Amino acid sequence: MAPDDLRSWGHRSRTKQMGYSEKDWAGKPWIGILNTWSDLNTCHTHFRERAAEVKRGVWEAGGFPVEIPVMSLSEMFMKPSAMFYRNLLAMETEETLRCHPIDGVVLMGGCDKTTPGLLMGAISMNLPAIYLPGGPMLSGNWNGKTLGSGVAAWHYWAERQAGNISECQWRQMEDGYSRTAGHCMSMGTASTMTAVAEALGMTLSGASSIPAPHAAHARMAADCGRRIVEMVWEDLKPTDILTSRAFDNAITVDMAIGGSTNAIIHLVALAGRAGLKLPLERFDELSRTTPIIANIQPSGQYLMQEFYDAGGLRALMNRIRDLLNLDCITVNGKTVGQNIEQVEVFDEKVILPFSKPLSDAGATFVLRGNLAPDGCVIKPAAAEKRLLKHKGPTVVFRDYADMKARINADDLQVTADSVLVLQSAGPLGGPGMPEWGMLPIPKKLLKQGIRDMVRISDARMSGTSYGTCVLHVSPESALGGPLALVRDGDMIELDVDARRIHLDVSEMELGHRRVQWKPPAPRFDRGYGALFCQQMTQANEGCDFQFLHGGRATPDPDIY
Ligand code: FES
């Protein structure tokens with residue numbers, strides 16, 4: 001029986017304002033559908049239809065659906081980087097769920113930072129939640145050539161800089177690059193993070209591989225609506241699913257798919273929200289025992305469309321089942337083992353046999369040394385092998401503007417053996433740790449046929465990028481980390497097999513430079529930027545805000 005008070009009367013009368021009768025909602029769980037649709041998020045153009053399909057499922061299962069827009073985090077259109085706002089989406093998600101009458105939630109995301117942002121907030125709120133991955137777009141095509149998101153753009157831009165592609169060809173390519181709704185369809189951050197969400201157990205089984213325009217995607221959306229109602233009655237919450245064993249599954253899958261380096265930062269942040277510590281070493285331990293068997297760009301050859309047709313993530317997980325914790329529970333109420341039971345691989349060129357992997361070790365290695373005392377990462381499968389052990393003199397750019405102004409200058413003292421270093425590109429320096437880590441190869445070297453060099457920064461790089469790029473150097477240069485002390489001509493040694501990065505400068509000299517180093521002036525006096533700078537943690541800590549960890553659980557608001 002509903003309470004006989006003014007507040008309840010207000011809720012009922014306003015719900016009736018939307019055209020609903022009491023029999024539409026009474027006694028039913030209220031299901032929030034958090035929708036990151038926006039005209040400026042081109043990866044989510046199908047989300048209004050998908051939200052309608054989720055509602056269909058919720059109605060059918062006996063729930064009451066309410067759709068709520070949340071921040072869209074468009075990777076392509078946001079300045080300075082969508083990463084700058086990931087934590088804002090996480091906060092918005094958590095507080096939206098806390099302040100509204102919601103019993104369970106379907107989280108609709110896909111474009112890079114939406115997956116971690118939505119999940120971080122939902123974990124902190126800890127209501128029953130399903131993640132609905134937006135799905136990859138279909139493959140691109142230009143004059144009969146397949147175009148992979150990001151990968152093709154980087155590749156053909158380098159060819160254009162080298163004078164091998166005309167402006168007319170470059171413009172024609174725009175028409176065929178992104179041809180349908182959906183997120184980037186290489187194994188970039190979006191495909192990686194949706195796969196990681198599935199491996200964690202937070203999506204319906206098989207959901208992350210379905211291409212966005214496929215009818216199966218619409219059916220999956222309706223299934224999310226049906227299942228979340230059951231989850232509310234079962235009281236199955238994120239913290240029931242997100243154990244340290246589930247995180248090991250996610251890291252193992254990330255390694256086997258050749259996932260984006262960004263996944264490390266997001267997984268550390270997600271684990272933190274679930275009350276778990278995830279040291280960088282765990283990624284390196286699991287990468288040593290997990291081969292890359294997804295032959296997907298940028299490490300491999302194919303795209304997500306072929307991956308889906310080859311059996312998708314469930315088939316891949318079945319292939320590495322001996323490396324997974326099969327007893328972990330997932331949102332559909334079944335275990336990982338039950339979900340992947342007898343799922344076949346249909347194309348062994350795309351999902352490779354365990355015995356013939358793309359690489360014996362996984363996607364991402366963690367390096368340490370005097371240049372990165374708190375660690376940094378590299379994706380060796382996307383690098384030229386000859387550079388994985390390298391020593392060379394540095395060419396240092398003090399920030400992105402400096403790099404852009406000088407990288408193609410004729411008088412830049414650079415050779416193919418140089419090590420390009422970018423400073424001030426980290427969580428605070430960027431700010432927001434933009435995806436600048438794949439520094440462009442200087443034009444004069446491109447014209448000599450050079451396509452890869454050792455590049456080092458405290459930035460991230462797009463999951464679609466490639467090259468010998470050492471990323472996430474921690475602590476970052478804007479905090480006075482050793483990267484800030486590097487000068488032109490210093491020698492740096494990279495030894496990926498030994499997991500080592502070393503700045504060959506004496507401790508005494510580094511001490512002198514440290515004394516001379518001046519911290520940058522504060523960038524923001526007010527607003528979200530100021531909060532960001534006060535609260536931001538470093539890459540090895542997941543770049544979450546300090547005040548979103550620990551402390552007492554936030555109580556639900558009182559209702560009067
Ligand atoms: Fe949205 Fe790549 S731009 S996923």
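What radius of gyration would a compact globule of 560 residues have, and what radius of gyration does the protein chain have? For a compact globule of 560 residues the expected radius of gyration is near 24 Å, and the protein chain has 24 Å, which agrees. The structure examined here is a predicted model. Its C-alpha trace spans about 80 × 55 × 50 Å along the principal axes of the protein chain, and 59% of the 560 residues count as buried. The secondary structure of the protein chain consists of 20 helices and 14 strands. Among contacts with a separation of 6 or more, residues 24 or more positions apart in the chain account for 76%.

Helix packing was examined for three pairs. Helix 5, comprising residues 114–125, packs against helix 8, comprising residues 189–200, at an angle of about 35°, and the axes of the two helices are 9 Å apart. From helix 5 the contact is made by Thr115, Pro116 and Leu119, while from helix 8 it is made by Met193, Thr194 and Ala197. When the residues of this contact between helix 5 and helix 8 are sorted by class, four are nonpolar and two are polar, with no charged residues.

Helix 8 also packs against helix 12, with axes that come within 10 Å and cross at roughly 35°. The crossing in which helix 8 passes helix 12 is right-handed. On the side of helix 8 the contact is made by Thr189, Thr192, Met193, Val196 and Leu200, and on the side of helix 12 by Asn262, Ala263, His266, Leu267 and Leu270. By class, the contact of helix 8 with helix 12 has six nonpolar and four polar residues, and no charged residues. Met193 of helix 8 thus appears in the contact with helix 5 and again in the contact with helix 12.

A further partner of helix 12 (residues 262–273) is helix 4 (residues 86–99), and the axes of these two helices come within 13 Å and cross at roughly 30°. Because angles under 35 degrees count as roughly parallel, helix 4 is described as roughly parallel to helix 12. The crossing of helix 4 past helix 12 is right-handed. Helix 4 contributes Arg86, Ala90 and Glu94 to the contact, and helix 12 contributes Ile265, His266, Ala269 and Arg273. In the contact of helix 4 with helix 12, three residues are nonpolar, one is polar and three are charged. His266 of helix 12 takes part in this contact with helix 4 as well as in the contact with helix 8.

Attention then turned to individual residues and to the geometry of the backbone. Two cis peptide bonds that precede proline are described here. The bond from Gln297 to Pro298 is cis, with omega near 10°, and Pro298 is placed in the loop between helix 13 (280–289) and helix 14 (304–309). The bond joining Ser474 and Pro475 is likewise cis, with omega about -5°, and Pro475 is placed in the loop between strand 12 (469–470) and strand 13 (491–495).

Pro475 is also one of the residues touched by Gln538, which, when residues up to four places away in sequence are not counted, touches Pro427, Leu428, Pro475, Glu476, Leu479 and Cys543. Gln538 itself lies in the segment after helix 20 (527–535), and because its relative accessible area is 8%, Gln538 is buried. Although Gln538 and Leu428 are 110 residues apart in sequence, their C-alpha atoms are 8.5 Å apart in space.

Positive phi values were found at two residues that are not glycine. Met433, in the loop between strand 10 (419–422) and helix 18 (443–446), has a phi of about 55°, and at 1% relative accessibility Met433 counts as buried. Arg499, in the loop between strand 13 and strand 14 (500–503), also has a positive phi of about 55°, and at 12% relative accessibility Arg499 counts as buried.

Val345 is found in the loop between helix 16 (336–340) and strand 7 (365–369), where, with a relative accessibility of 17%, Val345 counts as buried. Leaving aside neighbours within four places in sequence, Val345 is in contact with Ala310, Ala315, Arg319 and Ile351. Of these partners, Ala310 is 35 residues from Val345 in sequence, and the two residues are 5.7 Å apart in space from C-alpha to C-alpha.

Note on methods:
Residues numbered from 1 in each chain as written. Predicted model: local features only at pLDDT ≥ 70, side-chain atom pairs only at ≥ 80, totals over all residues. Heavy atoms only, no water. Axes fitted to C-alpha atoms, helices over the stretch in contact; angles between N-to-C directions. Helix = DSSP H or I, 4+ residues; strand = E, 2+ residues; numbered from the N terminus. Parallel < 35°, antiparallel > 145°, perpendicular 65-115°, else oblique. Left-handed = near helix turned anticlockwise from the far one by under 90°. Contact = heavy atoms within 4.5 Å. Nonpolar A, V, L, I, M, F, W, Y, C, P; charged D, E, K, R; others polar. Rg over C-alpha atoms; globule rule 2.2 N^0.38 Å. Buried < 20%, exposed > 50% of the residue type's maximum accessible area, 1.4 Å probe, protein only.
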